[in-house]
Amino acid sequence: FSIPKHNSISFGMSELGAYGLLSANYNHKSLSNNNNQYFTTFGVYLIPLLGGVGFTWKHYFNSSKISPFSSLTGFGVFALPIMCSKCDGIIGDLLISGSIGIDFYMLKKDWINLHLQLGIMKINPIFFNYIKINSY
């Protein structure tokens with residue numbers, strides 16, 4: 001069993017897609033090494049009415065300042081009822097995402113490691129319909 005330790009905060013498109021424009025990543029150090037990172041991601045949209053949590057495997061093909069990567073994430077998402085006109089409870093879904101891209105290591109200081117990641121992502125639902133989480 002691995003207890004995750006806070007690793008990074010991301011702004012922009014993350015492994016959760018639009019459900020994690022603002023996200024926190026918790027690295028599973030016992031599973032990870034230099035080229036393979038395993039982490040849990042918690043994220044929300046800019047207005048936290050949409051969000052998600054998932055488990056990610058990200059592979060870096062080298063450890064230089066410019067490194068190609070691939071990632072695979074399984075995650076659950078939620079939407080609060082204010083986001084749809086015919087909902088009577090919180091809805092959610094289970095999704096899987098895959099991405100490939102290039103990681104640019106921009107800046108390293110004592111308090112920050114800044115990366116820019118550019119790439120493409122594909123997100124698919126697992127069950128192809130929403131799951132009702134609760135009702136009022």
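Which strand should you select to find Thr 73? Thr 73 is found in strand 5, and we will come back to that strand several times on this tour. Keep in mind that what you have open is a predicted model.

**Stop 1: the whole chain**

Start with a cartoon view of everything. The protein chain has eight strands and zero helices, so a listing of its elements from the N terminus reads β-β-β-β-β-β-β-β. Now colour by accessibility: of the 136 residues of the chain, 34% count as buried. If you like contact maps, draw one here. Among contacts with a separation of 6 or more, 44% are between residues 24 or more positions apart.

**Stop 2: strands 2, 3 and 4**

Select strand 2 (22–27) and strand 3 (36–44). These two pair in the antiparallel sense over six bridges. To see one of them, show Asn 27 and look across to strand 3, where its bridge partner is Phe 39.

Add strand 4 (50–60) to the selection. Strand 3 and strand 4 run antiparallel too, and nine bridges join them. Put Gln 37 in sticks and you will find Lys 58 of strand 4 standing opposite. Remember Lys 58, as it returns at the pocket.

How many of the eleven residues of strand 4 are buried? Eight are, so strand 4 is largely enclosed by the rest of the structure.

**Stop 3: from strand 4 into strand 5**

Follow the chain onward. A hairpin of five residues links strand 4 to strand 5, and the two strands run antiparallel with eleven bridges between them. For a pair to display, try Gly 52, whose bridge partner in strand 5 is Val 77.

**Stop 4: two buried residues of strand 5**

Go to Thr 73 and show its surroundings. Thr 73 is buried, because its relative accessible area of 1% is under the 20% cut-off. Beyond its neighbours within four places in sequence, Thr 73 is in contact with Glu 15, Phe 55, Thr 56, Leu 95, Ile 96 and Ser 97. Put a distance label between the C-alpha atoms of Thr 73 and Ile 96: they are 5.6 Å apart, although 23 residues separate them along the chain.

Then move to Ser 67, which is also found in strand 5. Is Ser 67 buried or exposed? It counts as buried, because its relative accessibility is 2%. Leaving out residues up to four places away in sequence, Ser 67 touches Tyr 60, Phe 61, Asn 62, Gly 101, Ile 102 and Asp 103. For a contrasting label, join Ser 67 to Asn 35: the pair is 32 residues apart in sequence and 9.9 Å apart in space, C-alpha to C-alpha.

**Stop 5: the largest nonpolar core**

Select Leu 16, Tyr 19, Leu 50, Phe 75, Val 77, Ala 79, Ile 91 and Leu 95, the eight residues of the largest nonpolar core. Strand 5 (66–79) and strand 6 (91–108) each supply at least two of its residues, and strand 5 gives the most, with three. Val 77, the bridge partner of Gly 52, is one of the core residues.

Next, centre on Leu 95. With residues up to four places away in sequence set aside, Leu 95 touches Tyr 19, Thr 73, Gly 74, Phe 75, Val 77, Ile 123, Asn 124, Pro 125 and Ile 126.

**Stop 6: Ile 126**

That last contact leads to Ile 126, in the loop between strand 7 (113–125) and strand 8 (131–132). At 43% relative accessibility, Ile 126 counts as partly exposed because this value lies between the 20% and 50% cut-offs. Apart from neighbours within four places in sequence, it is in contact with Leu 94, Leu 95 and Ile 96. The C-alpha atoms of Ile 126 and Leu 94 are separated by 5.7 Å, with the two residues 32 apart along the chain.

**Stop 7: the largest pocket**

Finish with a surface view. The largest pocket has a volume of about 1300 Å³. Which of its 40 lining residues are the closest to its centre? They are Lys 58, Tyr 60, Asp 103, His 115 and Gln 117.

Colour the lining by class and you will see 13 nonpolar, 21 polar and six charged residues. Strands 1 (5–11), 2, 3, 4, 5, 6 and 7 each supply at least two residues of this lining. The largest share, nine residues, comes from strand 7.

Note on methods. Residues numbered from 1 in each chain as written. Predicted model: local features only at pLDDT ≥ 70, side-chain atom pairs only at ≥ 80, totals over all residues. Heavy atoms only, no water. Helix = DSSP H or I, 4+ residues; strand = E, 2+ residues; numbered from the N terminus. Buried < 20%, exposed > 50% of the residue type's maximum accessible area, 1.4 Å probe, protein only. Contact = heavy atoms within 4.5 Å. Core = buried A, V, L, I, M, F, W, Y, C linked by side-chain atoms within 4.5 Å. 1 Å grid on protein atoms, 1.4 Å probe; cavity = no way out; pocket = protein on both sides within 12 Å on 5 of 7 lines; lining within 4 Å. Points joined across faces, edges and corners; volume = space filled by probe spheres on them. Nonpolar A, V, L, I, M, F, W, Y, C, P; charged D, E, K, R; others polar. Pairing = 2+ DSSP bridges.
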